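Student: I should like to understand how the descriptive terms used for a protein model are justified. May we work through them one at a time?

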Number of protein chains: 2
Amino acid sequence: MLTLPTDVAVVNVGLPMFADSVRDQGRPVQQVDWSPPAGGDADLVAALTRVYGPRAAEIDAANAEVVRRLDEGVPTLTGVSRVSDVLPGLGGRTLLHCGPSIGWERVCDPLRRSMRAAVVAEGWASDVDEAGRALADGTVTLAPANAHDMVVPMASAIGPSAPVWVVDCPQGGTRAYAPINQGPGEVPWFGRETPAAIERLRFLRDVAGPALARVVDEAGPLDVFSLAKQGVAMGDDLHMRTQATTNLLIRTWLPQIAALPSPEREHVARFLSGNHLFFLTVAMAGARSLTAWAGQVRGSSIVTTMSRNGTDFGIRLAGSDTWHITDSPPVGDALYNAGMGPDDAAPDIGDSAVLELTGLGGPAAGGSPAVAGFLGGTMAAAAEATERFARISAGRSSRFTLPPMGFVGTPLGVDVRRVVELGIRPQVTTGILHAHDGSGQVGAGVATAPAACFEAALKELAG
Amino acid sequence: MLTLPTDVAVVNVGLPMFADSVRDQGRPVQQVDWSPPAGGDADLVAALTRVYGPRAAEIDAANAEVVRRLDEGVPTLTGVSRVSDVLPGLGGRTLLHCGPSIGWERVCDPLRRSMRAAVVAEGWASDVDEAGRALADGTVTLAPANAHDMVVPMASAIGPSAPVWVVDCPQGGTRAYAPINQGPGEVPWFGRETPAAIERLRFLRDVAGPALARVVDEAGPLDVFSLAKQGVAMGDDLHMRTQATTNLLIRTWLPQIAALPSPEREHVARFLSGNHLFFLTVAMAGARSLTAWAGQVRGSSIVTTMSRNGTDFGIRLAGSDTWHITDSPPVGDALYNAGMGPDDAAPDIGDSAVLELTGLGGPAAGGSPAVAGFLGGTMAAAAEATERFARISAGRSSRFTLPPMGFVGTPLGVDVRRVVELGIRPQVTTGILHAHDGSGQVGAGVATAPAACFEAALKELAG
């Protein structure tokens, strides 16, 4: 005999509206958060099935090697040089810019301004108008810095005379470069092209570059991530906030700075004293030297390039030369300067997202009171950002640990499988530039990487 | 009719052995932690009854004013001078030392060595043996630095020629002093009297003092606790760990350091580069300028002097000139250098415990990964140390906040009533010196203040 149940209790998996309906009828219900992998997209589910199926062990092994390289490589600052010296093959009138390859006609406003400033600083034009014509007519050509193992922050564009940090990863035999940070204020990397901004590029080339080359030579090789590790323990994420590590570096180099000749010494001292962002590009070059090594591993699902030019957002997988590109997203969770808002904001820009691939930036949010300020002001929210990163990462850093989270290692190695499966995308802590008026930085926030390029990369891997 | 209970459930208040006994008999029991106030000591309970009775409102009002002054005063570094210039009335051959007043015969070994080094550096003796005789026969006299609004760290003893920070609290019209920190290594404040240690005193007097005087003059007044606040957010407790704030100060002063004449510039740069403790005495002078102001409030139960000379541990209440003195305790929760242990350790020493009276040091433990290292290595244990301090404190700092504890303010204003009532004594994060062989620092740890001086201070207040 069949008896109808007299009492109903429900466990609902997935869409909460069913649970709400049961609850409305006065019955107990347990809601289990669940969503179908890849949002249920059939092509992506098929791709996930392939990379989680028989090939999983092979991919996991490749990923383990990628994570090992990212974790164990020791980026070492060995010198300061010029773009033309480290990339003699570049030749001609070429600017290296952030993000994926792009033509002038599609370059966003702040990056155009930065490019015009660089053209004037190089002496290829007498003013920014003439510079704009040289860029538009192809007299000055463009190349993505990333293609030359160089990473440049925000709206950076640099010419052959620009001074760059040289960072080696001896374990991998790789070498990477990043420009000396231009500092805050009226500067081209923030999308400014005023005479003061152009003068900053000349100062870096003529004064700061040679002086810092001498400092590095005198001080000897510097373990970049050893200093960064100390800075992370002092609240730096090393992307949005680099203050603690910058200060450590300045104290470390103080004897060599004091030994510089005058008046360069006084000029460099004022520049460093006012530049809490100084370590940013040192860390970026360090990170790039690691991704250059880790990126040699084939068959991995880990992202070893992530970069934006303010128009396009692009990634590459380890072992692959294929860029997967989509529109650069807006920066969310933003705090704006007075009078500024989302309508003034240019999209996410810069090569600095390389930091997020090496356990810094977003993965280190949970240790950074400064980043917490952009996430509602609580350390719990910052810790959640780190934990979200952990869900899409293949490992943990043994180098960078977060005191407020019980000294847990920062997540390391963004796995495109997990990104697509879980629909959780990397979050990048970053600055925001004005979209069109050339006034520079208008705020900072957290950019969420767009889904499309990760989906395309997954399909590439799935074959 | 009387019926016996058939079922027993117990709430036990106090000694847990009763609860254990009930639990052993298989009955439910709820244990409430409680102990009698002041351990049940009749005299202390009587004293507590008086200060918590009709006089409570009056004392609370005085305490609120003390906390306000400690919280709102803005210690401002205004210059570098010499002891003989700031204390012209001192005269003769006098050394200022840490802790309560003491005669040579009772001075502990590391402080004796420091005194001998200072006597030689002053030119009052040609070597440390002759210096010892001059100290023993009274040719050189001793005075406690604290009696002259000066605070000196660890086993410091300084003569008239020593350079000192001058820190003003403009709100209170108070001024305090502390010597320029001698740095780590072979130095008298660690109880060393080698030629190198004596030379460090001469270097401070002849090179660093004049150079830093020039730096402060050129840089202008410095808000000491504004910098300390940033350092606390970067993991400094400002007592055991001063690295972040030291680095901030160096970056702040970099232009003025770079403008110093040679060769002083190079010497000072090397000294600062190797001295992560540099900010300690700046913070101490700042704290002392606040306790000097807060200490003018009468009828308060808050401690505004806490200081040790390695033999005696002494405190004073706000509004009172009476020292309450007992034996200096050993330093617990210690981590020792290789080969060193408790048998090698001198008792707690130095005036730096003034920091614990102003929301720094022990009260800031919960924000400091470095302090956590001495408390078992977890941030939870460090947070407990801060919370223990909160139970004996009258207020919270609105200035110093701890990110890992949800940005809570550090406890401020040690209330002798609570210390005695709860039996919780202030805990001071501090270094440890060798007890007798002159080898300097052997470790660091957390010293728990002795009970007797707080009990005596309570009785003074109770009248």
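Student: Where does A:T242 lie in chain A?

Tutor: In this predicted model, A:T242 belongs to the loop between α8 (224–233) and α9 (243–258) of chain A.

Student: Why is A:T242 called buried?

Tutor: The relative accessible area of A:T242 is 1%. Buried means under 20%, so A:T242 meets the definition with its 1%.

Student: Which residues is A:T242 in contact with, leaving aside its neighbours within four places in sequence?

Tutor: They are A:D236, A:H276, A:L277, A:F278, A:F279 and A:L280. Each is called a contact because heavy atoms lie within 4.5 Å.

Student: What makes A:R288 and A:D149 a salt bridge?

Tutor: The closest N and O atoms of A:R288 and A:D149 are 3.3 Å apart. The cut-off for a side-chain nitrogen of Lys or Arg and a carboxyl oxygen of Asp or Glu is 4 Å, so the pair qualifies at 3.3 Å.

Student: Why is this pair said to tie together parts of the chain?

Tutor: A:R288 lies in helix α11 (residues 280–294) of chain A, whereas A:D149 lies in the loop between β5 (141–144) and β6 (157–158) of chain A. The parts that the pair ties together are therefore 139 residues apart in sequence.

Student: Are A:R288 and A:D149 buried or partly exposed?

Tutor: A:R288 has 5% relative accessibility and so counts as buried. A:D149 has a relative accessible area of 30%. Partly exposed covers what lies between under 20% and over 50%, so A:D149 is partly exposed.

Student: How do you know that B:R113 and B:E193 form a salt bridge?

Tutor: Their closest N and O atoms are 2.9 Å apart, and the limit is 4 Å; the pair therefore counts as a salt bridge. It links distant parts of the chain, with B:R113 in helix α5 (residues 109–121) of chain B and B:E193 in the loop between β8 (174–179) and α7 (195–219) of chain B, 80 residues apart. B:R113 is buried at 14% relative accessibility, and B:E193 is buried with a relative accessible area of 15%.

Student: What are the relative accessible areas of B:R205 and B:D206, which also form a salt bridge?

Tutor: B:R205 has 16% and is buried, while B:D206 has 45% and is partly exposed. Their closest N and O atoms are 2.9 Å apart.

Student: How many salt bridges does a search of the whole structure find?

Tutor: The search finds 36 over all chains. A network of salt bridges links A:D60, A:D415, A:R417 and A:R418.

Student: Which domains does the domain assignment give for chain A?

Tutor: It gives domain 1 (46–71 + 298–462) and domain 2 (73–284). The contact takes 55 residues from domain 1 of chain A and 43 residues from domain 2 of chain A. About 3400 Å² is buried between the two domains, with carbon and sulfur atoms giving 63%. A:N309, A:D351 and A:R399 supply 18% of the area that domain 1 of chain A buries against domain 2 of chain A, more than any other three residues.

Student: What makes A:D312 and A:R106 a salt bridge?

Tutor: The distance from N to O between their side chains is 2.8 Å. The limit is 4 Å, so the term applies to A:D312 and A:R106. The count between domain 1 of chain A and domain 2 of chain A is 1 salt bridge. The rule also finds 19 residue pairs in polar contact across this interface, both residues being at pLDDT 80 or more.

Student: How many residues do chain A and chain B bring to their contact?

Tutor: There are 31 residues from chain B and 31 residues from chain A. The two chains bury about 2500 Å² between them, 65% of it on carbon and sulfur atoms. In chain B, the residues that lose the most area to chain A are B:M234, B:R251 and B:L254, together 28% of what that side buries.

Student: How many salt bridges and polar contacts are counted between chain B and chain A?

Tutor: The count is 0 salt bridges, whereas 8 residue pairs are in polar contact, both residues being at pLDDT 80 or more. On the side of chain B that touches chain A, α9(B) gives the most, with 11 residues. The residues of that side divide into 16 nonpolar, 10 polar and 5 charged.

Notes: Residues are numbered from 1 along each chain as its sequence is written. Chains are lettered from A and ligands numbered from 1 in the order in which they are written. This is a predicted model: local features need pLDDT of at least 70, side-chain atom pairs count only at pLDDT 80 or more; totals for chains, interfaces and linings use all residues. Side-chain values use heavy atoms; hydrogens and water are left out. Domain bounds come from an automatic or database domain assignment. Buried area is the accessible area (1.4 Å probe) that two parts lose on being put together, summed over both. A polar contact is a pair of N or O atoms within 3.5 Å; within protein, one must be able to donate a hydrogen and the other to accept it, and residues adjacent in sequence count only if both atoms are side-chain atoms. Helices (H or I, at least four residues) and strands (E, at least two) are DSSP runs, numbered from the N terminus. Buried means under 20% relative accessible area, exposed over 50%, partly exposed in between (1.4 Å probe, protein chains only). Ala, Val, Leu, Ile, Met, Phe, Trp, Tyr, Cys and Pro count as nonpolar, Asp, Glu, Lys and Arg as charged, and the others, Gly among them, as polar.
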